[in-house]
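User: I am new to this structure and would like to understand how its descriptive terms are earned. Could you take me through some of them?

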Amino acid sequence: MSVRMVHQFQENSVFALVAATHAYVDLPKHCFQLFDGTWIMPRLPVADEDGIWEKWLGSIRLDRLKGANLVLLVEATSDTPYILGGEHLRLGERVGVLFDLLHLGVGIQTFQREAAERLVGSFVDGVPEIRSVESMRRFCCTHESPSIPITRDWLDDCLVRCSGYSEMEADKTQFRRIIRGLNTLFKGKEEEMGQERLHQFVRSLEALIRPEQGETTKQFAHRCQTFGRAGEDTRTLLLEAFSMRSAAEHLNRWDEAEAAQSYQPGERETVCWQRTLQMERLACDAYSRLLRDRALRDHFRTDDTIAEFWKLQDGQRRQIWGPPVDLAAADNS
């Protein structure tokens with residue numbers, strides 16, 4: 001059995017890849033490796049002229065994957081590559097986390113119509129065999145968000161964030177609130193309906209501020225000014241976003257929220273989308289910092305350390321956190 005390959009797999013190895021079509025990228029046209037060994041490719045690693053992958057994937061799925069312009073591939077040698085087990089699962093999880101964290105920014109697009117696919121397999125006797133295949137979750141972009149291409153620098157930064165995520169996942173007794181909040185942020189990115197996106201983005205921020213019972217609105221507007229530039233304009237838009245989030249929480253229309261009523265009817269939908277984009281920017285920036293910065297992340301290890309962080313004076317917290325996001329400027333972006 002012969003297979004024409006674009007990429008030379010390691011003999012007796014396991015591999016996992018995610019392939020995305022119609023990705024918006026600014027990357028070299030050739031294959032290259034990131035610093036952890038992950039391969040970045042502009043096409044599938046197998047030409048499959050003999051139809052070997054078609055046997056496992058089916059012709060429709062393979063035809064779609066042949067149009068992939070972004071492939072993330074990881075591989076490792078194995079003593080038992082022919083047995084689908086923990087090694088395959090580990091590599092599949094690794095490349096899946098990298099793919100997800102590619103989206104921890106505003107305007108990142110990895111496909112337009114179809115979800116990306118994750119393939120896990122083995123390379124034995126010169127043949128890359130597919131052992132499992134699944135569709136990745138589909139992320140959407142917020143209305144009016146800028147289109148940002150995936151670059152080499154963005155991929156390198158994603159690996160740093162992946163390292164932070166792996167450290168948190170390794171200890172099941174800590175960082176639970178950050179991980180739940182990050183998952184909530186990604187749920188927001190999967191939503192196509194604007195008010196549901198906003199709802200989840202605000203909830204992901206609530207995970208970080210850990211508001212006291214009965215004080216959520218006030219503390220959301222105050223504590224999020226640690227993440228965003230402090231000022232009355234920032235406080236106002238945070239309160240508006242929370243009001244729109246509350247309308248969605250209670251199954252009401254976001255443009256009927258009390259905050260939206262202060263705008264002209266023809267403006268309300270636009271303002272709601274602006275607040276959605278601003279909350280997405282704030283949440284993406286906050287979680288990116290926590291994943292990159294171990295010292296900052298230590299303040300969010302447990303509910304107790306989070307509570308201690310919010311007991312600090314505003315100036316102390318802002319110095320620890322670093323330069324804030326200018327949310328008010330996003331009104332005109």
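**Terms and their cut-offs**

Analyst: Val6 touches Arg43, Leu44, Pro45 and Val46, leaving aside residues up to four places away in sequence, where contact means heavy atoms within 4.5 Å. This is a predicted model, in which local features need pLDDT of at least 70, side-chain atom pairs count only at pLDDT 80 or more, and totals for chains, interfaces and linings use all residues. Residues are numbered from 1 along each chain as its sequence is written, and side-chain values use heavy atoms, with hydrogens and water left out.

User: What makes Val6 partly exposed?

Analyst: Val6 has a relative accessible area of 37%, and partly exposed is the range between buried, under 20%, and exposed, over 50% (1.4 Å probe, protein chains only), so Val6 is called partly exposed.

User: Why is there no bond between the sulfur of Cys162 and that of Cys158?

Analyst: A disulfide is a pair of cysteine sulfur atoms within 2.5 Å, whereas the sulfur of Cys162 is 6.4 Å from that of Cys158, the closest cysteine sulfur, and therefore too far for a bond.

User: Why is the pair of Phe227 and Trp321 called tilted?

Analyst: Rings of Phe, Tyr and Trp (its six-membered ring) pair if their centres lie within 6.5 Å, with planes under 30 degrees apart counted as stacked, over 60 as edge-to-face and the rest as tilted. The centres of Phe227 and Trp321 are 4.6 Å apart and their planes stand at 45 degrees, so the pair is tilted.
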